[in-house]
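This report covers side-chain interactions in a predicted model. It takes up one histidine, then charged pairs, then aromatic rings.

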Amino acid sequence: MMLMATTEQVLQHLQFAASVTTLLFTFSSFLVNHGYSTIEKTFGPRISAVIVGSIGCIVAYYVTQAIIVFQGRHELVQIQDRLMLLVILSLAWSSLLTRTHSWLPELTGLCVISLVSGIPVLVLDTIYRTRYATYQALLVAESLPLVHGGAVLVYCLIVYLRLRRTRAKLAEETRSSLSNSDSSIASERYRDHCSNLDSESDSDTDISDDEDEEDLDTRIGELRKSGHWIDYLSDFKVFLPFLIPRKNIKVQLCFLVCVLCLITDRVLNVLVPTQLGSIANKLFTQELALSDLGIYFALNILHGQSGLEMLMSLAKIPIQQFSYRQLTNAAFSHVMDLTMEFHSERDSAEVMKSIEQGAALTNVLETSFLEIAPAVIDLFVAFVLLYLKFNSLAAMCMLIATLTFLSLEVAASRWNIDNRRQLTKAERGEARVMHQAIQGWLTVSSFNMFAYEKCRFAEAVDKHLTAKRKWSCRDVYLTGLMEACFPASFVVLACVVAHEVSQGRASPGDFVFLIQYWDYLIWPIKYLTKDYRWLIADLIDAERLLDLLTTKPTVSDKCDAFDLGPVQGYVEFEDACFSYNNKREPAVRDINISAAPGAIIALVGTTGAGKSSLVKLLLRHYDVTSGRVKIDGHDIRDVTKGSLRNSIGIVPQNPILFNASIMDNIRYAKLDASDEEVHRACQAAAIHDKILSFAQGYQTKVGEQGVKLSGGEVQRLAIARAIVKSPPILILDEATSAVDTETEAKIQEALKHLIKDRTTFVIAHRLSTVVNADRIFVLDNGSIAESGTHRELLEKQGRYYNLWNTQLHENEDPMMINLESTD
Ligand SMILES: Nc1ncnc2c1ncn2[C@@H]1O[C@H](COP(=O)(O)OP(=O)(O)OP(=O)(O)O)[C@@H](O)[C@H]1O
């Protein structure tokens, strides 16, 4: 008899463990496959009729077994766990029938679980149940799924082996075809995935229309389309160093405080309802439990907003600030380090908005460690507690309810993902329109396009609000759906416990305990479902920031790059070629220029000839596609970008000033320059007197991009900046194009001092400004058409001669003066 009781218990535990394992396994495979289906559609084996038939049979065996067990319930004591396992197994196997792809791992897993749980049950039943009337039928029903499951398992292993061979062969073929043609197979597959997904998409939002093409060429965009969520998530690990406080003791301490609060909170979650249960039990025996009430009150205070929660909220502040600081600083530095190629292609407002939206990730650490992890622990504790206090059915009800909520949430959230993506995209669009209009206010005003811009902005706001409405509505529906499910699960659980009380296996206090405990239990479930939704929203918001952070600068320092050190000023272009991107014609072709220290090199030619591009190569805004650029004999790709740019000063075509004082703008070139230095530079640039005539002198604010100054004044400030920097190599890109002839004469005088002993590259349309150059290079369509001194080029009577004559006739007087002076 004793032996029978022990066997019965072993069987019960075994069946309960198998039920839990089956549930968790089915849930995990649902989670994994939720994102994988489209990938496997192309590469995985299709489910065959034999497998469908086998699964159907196995389900039928389990159902039959359940019926036999139910009918023999009077002979077989404690059938609850057995029935529960049979129902769960038949549901898990049935769920396989809904699958057409990626069924192999799940099928194998279920076979293993069925065999591992079924064989001991069969053995124990064979030994100990021989006296039952239903014995024969039960044994047959128990052995059939095992035999069938074993056969299916062998079949699965064969399919695995075959699949591995096919994949290896496919990989080999792909490798060889990739070496012949440029990844056409891969792109075809990718198109396949996209079209598969497109056809499956159930979203009512149209994301393909104006979903930027740029999305497609980023990895995150690709993953987003394919639904390969494990790879998608793994890309976000670049953020981990910014979110985890490895070296910050203060934040680590705050984290520790939060963890301690969470542990205490978990204990209180059980203590408070237990205390209430014991008060109820005492009241049922008509005992006045005043001291118990006092303890209950104290525990409640500690548990609530004025106790642990307040402490935790305080400790969370430094954690959130740490993540924000790390993330935004890293994003800003990364964007600043990106090259001109990136900045000339991206809209600055969008980049700024992306960084702002990406800050949502600062919640991830808090959400995953301080909310999701404790919620999982809570649920585990609740599961064990319900099992020990009531029975396996109550624990199982809770587990099923939790997994159902989570599955519902995962499936339903997918329904709203595209809307969230649309929302973040619309927010960026709104920021872009606003930024463009405000920044280009002068243009808007000159063309009187206020009505147009207002309309454009209103449209962007409407688009944003429409996207927000769609997302918010679905979010509200999802919350409503979840909230409706919670009372339903409570009713089931309450029925189970009420039944236990009615059977005398639990006290009425236990029922009160459940009511109070449910309040604590429901929060982790709610947190898990809500946090999942917010986590997804945060990740979507951060997608564009991830794109930014994973964009590699096209021009970067080599790992063994060295500082240029003091520069003499030798500059050489050796067979330098460059094109902006592969689709374009080369902007620079086979350029050979050699400049000795102190030499003046003039670059002239028609507009678009490639003069500025050549200068960008010298500054390493871009790298040459072939050939090289050298300074003092060093290839500039071997030195650090910082030291290279420190040795070069530039007066650009369109200088940009910051909205700060004149003094600060000039000092930008050398932060420690004294007032005297700045004044001297401004005198040399013929702007000092003008500045003094302003009411606030050097403290005058110049407005955004220097709008409060004339074009000539801005240019002279840019020259003053270059003088303050005093670099060994100087670039003057149309430095005097915006000044009148009188000022130009003054500036030319200033420039004479500036360029003394410096290697200078002068870009000029007005040839009169370069007649004294040591060598003039005439560029045409990216290559050097002719070169020489002014006199040599005139004698050649080529392109330069023609340009000179054209300009001479356009504006005879000043040209004549210059020509004469040089002659
Ligand atoms: N960021 C860019 N991306 C793509 N193409 C560019 C870019 N910048 C310039 N180009 C192209 O490269 C060519 C050379 O331009 P570049 O600015 O070097 O000419 P330039 O001789 O300095 O002209 P200008 O005298 O008018 O300033 C032009 O055809 C131009 O359209």
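## Histidine 303 and its surroundings

Histidine 303 belongs to helix H12, which spans residues 290–303. The residue counts as buried because its relative accessibility is 8%, and the cut-off for buried is under 20%.

The side chain of histidine 303 makes a polar contact of 3.2 Å with the side chain of aspartate 265. Leaving aside residues up to four places away in sequence, histidine 303 touches Asp265, Leu268, Asn269, Val272, Glu309 and Tyr520. Aspartate 265 therefore appears both in the list of contacts and as the polar partner of histidine 303, at 3.2 Å, while histidine 303 itself is buried because its accessibility is 8%.

## Salt bridges

Side chains of opposite charge can pair when their charged atoms come close. In this model the count comes to 20 salt bridges.

One of them joins aspartate 378 to arginine 266, with 2.2 Å between the closest N and O atoms. Aspartate 378 sits in helix H16 (residues 362–389) and arginine 266 in helix H11 (residues 249–284), so this pair ties together parts that are 112 residues apart in sequence. Are the two partners buried or exposed? Aspartate 378 is buried, at a relative accessible area of 8%, and arginine 266 also counts as buried, at 15%.

A salt bridge also links arginine 667 and aspartate 675, where the closest N and O atoms are 2.3 Å apart. Here aspartate 675 counts as partly exposed, with 39% relative accessibility.

Lysine 690 and glutamate 713 form a further salt bridge, at 3.7 Å from N to O. The lysine lies in helix H26 (residues 688–693) and the glutamate in helix H27 (residues 711–725), so the bridge ties together parts that are 23 residues apart in sequence. Lysine 690 is partly exposed, with a relative accessible area of 36%, whereas glutamate 713 is buried, with 10%.

Some bridges share partners: Asp265, Arg266 and Asp378 are joined in this way into one network. Asp265 is also the residue whose side chain makes the polar contact with histidine 303.

## Aromatic pairs

Nine aromatic pairs are counted. Among them, phenylalanine 16 and phenylalanine 383 are stacked, with 5.8 Å between ring centres and 10 degrees between the planes. The two rings link distant parts of the chain, 367 residues apart: phenylalanine 16 is in helix H1 (residues 2–43) and phenylalanine 383 in helix H16. Phenylalanine 16 counts as buried, at 8% relative accessibility, and phenylalanine 383 counts as buried at 12%.

Phenylalanine 578 and tyrosine 580 pair edge-to-face, with 4.9 Å from centre to centre and 75 degrees between the planes. Phenylalanine 578 is buried, with a relative accessible area of 3%, while tyrosine 580 counts as partly exposed, at 24%.

Ring pairs also link Phe16, Phe383 and Tyr387 into a cluster. Helix H16 thus holds phenylalanine 383 of the stacked pair as well as aspartate 378 of the salt bridge to arginine 266.

## A charge over a ring

Which residue lies over the face of tryptophan 471? It is arginine 420, at 4.5 Å from the ring centre.

Key
Residues are numbered from 1 along each chain as its sequence is written. This is a predicted model: local features need pLDDT of at least 70, side-chain atom pairs count only at pLDDT 80 or more; totals for chains, interfaces and linings use all residues. Side-chain values use heavy atoms; hydrogens and water are left out. Helices (H or I, at least four residues) and strands (E, at least two) are DSSP runs, numbered from the N terminus. Buried means under 20% relative accessible area, exposed over 50%, partly exposed in between (1.4 Å probe, protein chains only). A polar contact is a pair of N or O atoms within 3.5 Å; within protein, one must be able to donate a hydrogen and the other to accept it, and residues adjacent in sequence count only if both atoms are side-chain atoms. Contact means heavy atoms within 4.5 Å. A salt bridge is a side-chain nitrogen of Lys or Arg within 4 Å of a carboxyl oxygen of Asp or Glu. Rings of Phe, Tyr and Trp (its six-membered ring) pair if their centres lie within 6.5 Å; planes under 30 degrees apart count as stacked, over 60 as edge-to-face and the rest as tilted. A charge sits over a ring if NZ of Lys or CZ of Arg is within 6 Å of the ring centre and within 35 degrees of the ring normal.
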